[in-house]
Amino acid sequence: METVNTNPNTGWIQDKLVWTLYVAAILAFRVILDVFGLKGEVGWTITNVAHSLLTLLFLHWIKGMPFEDVHVDQGRYNRLTFWEQIDSQRQFTPTRKFLTAVPVVLLLWAVSAISDETNMLIWVNVIASVVVLIAKMPALHKVRIFGINRY
């Protein structure tokens with residue numbers, strides 16, 4: 001089912017080429033860490049935590065549109081994060097499923113690279129991923145926990 005998205009801020013994210021470039025950027029970051037000697041568990045942990053922090057900031061924290069065109073949105077997106085604007089606020093769309101699957105896969109890769117079960121990096125990875133995955137839950141759509149980032 002093809003969706004019509006009139007929001008120029010989020011319409012591009014539905015393109016499968018963007019999804020491919022997104023995964024390629026994550027893997028390129030991982031390769032760069034490998035070149036600098038951050039291999040294995042440390043490299044995957046840095047990749048996972050960096051991805052979690054960036055997606056938390058850009059998808060779940062910053063609100064509104066980067067370009068103000070009164071004729072396009074008339075302020076209706078000013079109080080919505082990028083995540084809330086995706087697919088006209090509909091839940092369980094292919095785009096949202098993809099953007100939810102990426103941190104899960106990163107978590108699995110990062111944890112599988114850790115050889116010692118008592119390693120603290122497991123908890124660092126789990127906490128970073130859980131925070132981002134909680135922010136994506138439909139029950140938290142338009143919810144500001146403790147009033148943080150309300151306005």
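## His51 and its neighbours

Let's start with His51, a residue of helix α2. In this predicted model, His51 has a relative accessible area of 8%, so it counts as buried, the cut-off being under 20%. Who does His51 touch once its neighbours within four places in sequence are set aside? The partners are Tyr22, Ile26, Val102, Pro103 and Leu106.

Two of those names come back further down: Tyr22 and Ile26 belong to the α1 side of the contact between α1 and α2, and His51 is listed on the α2 side.

## The chain as a whole

Stepping back, the protein chain has six helices and zero strands. Walk along the sequence and the pattern reads α-α-α-α-α-α.

Of the 151 residues in the chain, 37% are buried. The accessible surface adds up to about 9300 Å², and carbon and sulfur atoms hold 71% of that. Now take the contacts with a separation of 6 or more: 64% of them join residues 24 or more positions apart.

## Where α1 meets α2

A quick bit of background: a pair of packed helices is described by the angle between the two axes and the distance between them. Helix α1 covers residues 16-35 and helix α2 covers residues 40-60. Their axes come within 9 Å and cross at roughly 140°, so α1 and α2 are oblique to each other. The crossing is right-handed.

On the α1 side, the contact is made by Tyr22, Ile26, Leu27, Phe29, Arg30 and Leu33. On the α2 side, Gly40, Gly43, Trp44, Ile46, Thr47, Ala50, His51 and Thr55 take part. Sorted by class, that gives eight nonpolar, five polar and one charged residues.

## A closer look at Arg30

Is Arg30, part of helix α1, buried or exposed? Arg30 counts as buried, because its relative accessibility is 8% and the cut-off is under 20%. Leaving out residues up to four places away in sequence, Arg30 touches Leu38, Lys39, Gly40, Gly43, Trp44 and Thr47. Among them, Gly40, Gly43, Trp44 and Thr47 are also α2 members of the contact with α1.

## Where α2 meets α6

Helix α2 also packs against helix α6, which runs over residues 120-135. Here the axes are 9 Å apart and the angle is about 20°, so α2 and α6 are roughly parallel to each other. This crossing is left-handed.

From α2, the contact uses Glu41, Val42, Trp44, Thr45, Asn48, Val49, Ser52, Thr55, Leu56 and His60. From α6 come Leu121, Val124, Asn125, Ala128, Ser129, Val131, Val132 and Ala135. The class split is 10 nonpolar, seven polar and one charged. Trp44 and Thr55 of α2 appear in this contact and are also listed in the contact with α1.

## Ile114 in the loop

Last stop: Ile114, which sits in the loop between α5 (94-112) and α6. At 10% relative accessibility, Ile114 is buried. How far apart are the C-alpha atoms of Ile114 and Glu41? They are separated by 5.0 Å, though the two residues are 73 residues apart along the chain.

Glu41 is also one of the residues Ile114 touches, along with Asn119, Leu121, Ile122 and Asn125, not counting residues up to four places away in sequence. Glu41, Leu121 and Asn125 turn up in the contact between α2 and α6 as well.

Terms used:
Residues are numbered from 1 along each chain as its sequence is written. This is a predicted model: local features need pLDDT of at least 70, side-chain atom pairs count only at pLDDT 80 or more; totals for chains, interfaces and linings use all residues. Side-chain values use heavy atoms; hydrogens and water are left out. Helices (H or I, at least four residues) and strands (E, at least two) are DSSP runs, numbered from the N terminus. Buried means under 20% relative accessible area, exposed over 50%, partly exposed in between (1.4 Å probe, protein chains only). Contact means heavy atoms within 4.5 Å. Accessible areas come from the Shrake-Rupley method with a 1.4 Å probe; for residues, only the protein chains shown count as cover. Axes are lines fitted to C-alpha atoms, for helices over the stretch in contact, and angles run from 0 to 180 degrees between N-to-C directions. Angles under 35 degrees count as roughly parallel, over 145 as roughly antiparallel, 65 to 115 as roughly perpendicular and the rest as oblique. A crossing is left-handed if the near helix is turned anticlockwise from the far one by less than a right angle, and right-handed if clockwise. Ala, Val, Leu, Ile, Met, Phe, Trp, Tyr, Cys and Pro count as nonpolar, Asp, Glu, Lys and Arg as charged, and the others, Gly among them, as polar.
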